[in-house]
Amino acid sequence: MIEAAWYFHPASDEKPFTMVPVFYKERKNIKQNNPFDMREKTIKLTLNSFYGQFARYVGEAGKVPAAAEPWYAAAITSATRRRLMEAGLIDPHAIVFFATDGIVSTRELSGLSRVRRAGEDVELGDWELCEADGGLFIQAGVYHYGKVKIGEDGKRRIVPVTKLRGATAKNYTDDERAAGAWLIENTLTRWRAPFSTAGSSLGVSEPYKKYITLGAALASPDRWRTAGRWTPKRGHPNAAHRVINVSDPGGKRELLDYAPDVLSTAERPANRCTGLVRTIPVENDDCEMSRPRLPKWLDESDDEMNAAEIAKINAGFA
């Protein structure tokens, strides 16, 4: 059982972030007064794009992109990760997982500074504490849990949060409200199946509705005709398929007790069917803490871009 989900709101007073607090406050006011006002979404996407523009990798060789600022990009990443690690070290054995800007823990991290609870005003640099009610955590980026919210009437309700790395759970089922239940049911069915049977397959492979982006449409001339469209509905022979490997903790974690934690038998289900199991980080064979990665606009010796890629760029397709 998990009891807490933590969300960090990074902040900085240094340029070019001087307008970030202004936009942050404006968006908060809009959401409070009119949650259906699309201006708040515009502000959100603008603020979210800052990092991507600072960290711009592709550009014209020898010319710095107008918004590129690698130092700011690195500062944003390192400062946020530092705050996450400081929070996690308060109670390491309570941590379920780290997200980009949040933590899920089995109990409250006592002593964490600048914590705001439900209903309190959240500012840049604060932690937002949200109560959670149970969950299923499969691997990095693939999980489901119940987020507790208190309505204006004072009643407690559970809002499902379902994440599938690279996909949306609601695209796997015709009933959007049952998206989380779909993930739980399919995962537990495979986890509970005895290892010696065919039911213990590694992944959940189901047809799902997929939107064909411009990038995906560039895979082939035939694919280009599908740009901007959805794949056929579930049940159609040409429906998209995607395998979610629910039997592996992913490339970032390793299991400590593989057999009892993961393998079900006819006599008992695996430990992970009823509770969290212990994992450790995958060992990094690289002795360096980090390595510089020169952007293409800075590294003139980079010849990875072939003639086909350059042609696509010149044609405006990439």
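# Salt bridges, helices and a surface patch

Reader: Is arginine 114 buried, partly exposed or exposed, given its relative accessibility?

Author: In this predicted model, arginine 114 has a relative accessibility of 40%. Buried residues fall under 20% and exposed ones over 50%, so arginine 114 counts as partly exposed.

Reader: Where in the chain is arginine 114 placed, and what is its phi?

Author: Arginine 114 sits in the loop between strand 3 (102-105) and strand 4 (115-116). Most residues other than glycine have a negative phi. Arginine 114, which is not a glycine, has a positive value, near 55°.

Reader: Which residue forms a salt bridge with arginine 114, and why does the pair tie together separate parts of the chain?

Author: The closest N and O atoms of this salt bridge are 2.9 Å apart. The partner lies in the loop between strand 4 and strand 5, whereas arginine 114 lies in the loop between strand 3 and strand 4, so the pair ties together parts that are 12 residues apart in sequence. At 1% relative accessibility the partner counts as buried, and this partner of arginine 114 is aspartate 126.

Reader: Which arginine in strand 4 also meets aspartate 126 in a salt bridge?

Author: The N to O distance in this salt bridge is 3.6 Å, and the two residues are 10 positions apart along the chain, with aspartate 126 in the loop between strand 4 and strand 5. The partner in strand 4 is partly exposed, having a relative accessible area of 28%, and is arginine 116.

Reader: Which residue of helix 1 forms a salt bridge with glutamate 40 of helix 2?

Author: A search of the whole structure finds 11 salt bridges, and in the one that involves glutamate 40 the N to O distance is 2.8 Å. The pair links helix 2 with helix 1 across 13 residues, and both partners are buried. The partner of glutamate 40 is arginine 27.

Reader: How wide is the arc that the buried residues of helix 1 cover around the axis?

Author: The buried residues of helix 1 are Val20, Tyr24, Arg27, Lys28 and Ile30, and what covers them includes helix 2 (39-54). On the other side of helix 1, Lys25, Gln32 and Asn33 are exposed. The buried residues lie on the same side of helix 1 because the arc that they cover is only 160°.

Reader: How much accessible area belongs to the nonpolar surface patch that contains Val22?

Author: Valine 22 lies in helix 1 (residues 20-33) and is partly exposed, with a relative accessible area of 45%. A patch takes residues with over 30% relative accessible area, so valine 22, at 45%, passes that cut-off. Together with Met19 and Phe23, Val22 forms a patch with an accessible area of about 250 Å².

Reader: What distance separates the end C-alpha atoms of helix 4, and which strands do its buried residues pack against?

Author: At 1.5 Å a residue, the 14 residues of helix 4 (residues 179-192) should span 20 Å, and the end C-alpha atoms agree with this, being 20 Å apart. Among the buried residues of helix 4 are Trp182, Leu183 and Trp191. The buried residues of helix 4 pack against strand 5 (127-139), strand 6 (142-150), strand 7 (156-164), strand 8 (203-208) and strand 9 (240-245).

Methods:
Residues numbered from 1 in each chain as written. Predicted model: local features only at pLDDT ≥ 70, side-chain atom pairs only at ≥ 80, totals over all residues. Heavy atoms only, no water. Helix = DSSP H or I, 4+ residues; strand = E, 2+ residues; numbered from the N terminus. Expected span 1.5 Å × (residues − 1). Buried < 20%, exposed > 50% of the residue type's maximum accessible area, 1.4 Å probe, protein only. Contact = heavy atoms within 4.5 Å. Patch = residues over 30% accessible without salt bridge, like charges linked within 9 Å, V, L, I, M, F, W, Y side chains within 5 Å. Areas by Shrake-Rupley, 256 points an atom, 1.4 Å probe, with all protein chains shown as cover. Salt bridge = Lys/Arg side-chain N within 4 Å of Asp/Glu carboxyl O. Arc of directions from axis to C-beta.
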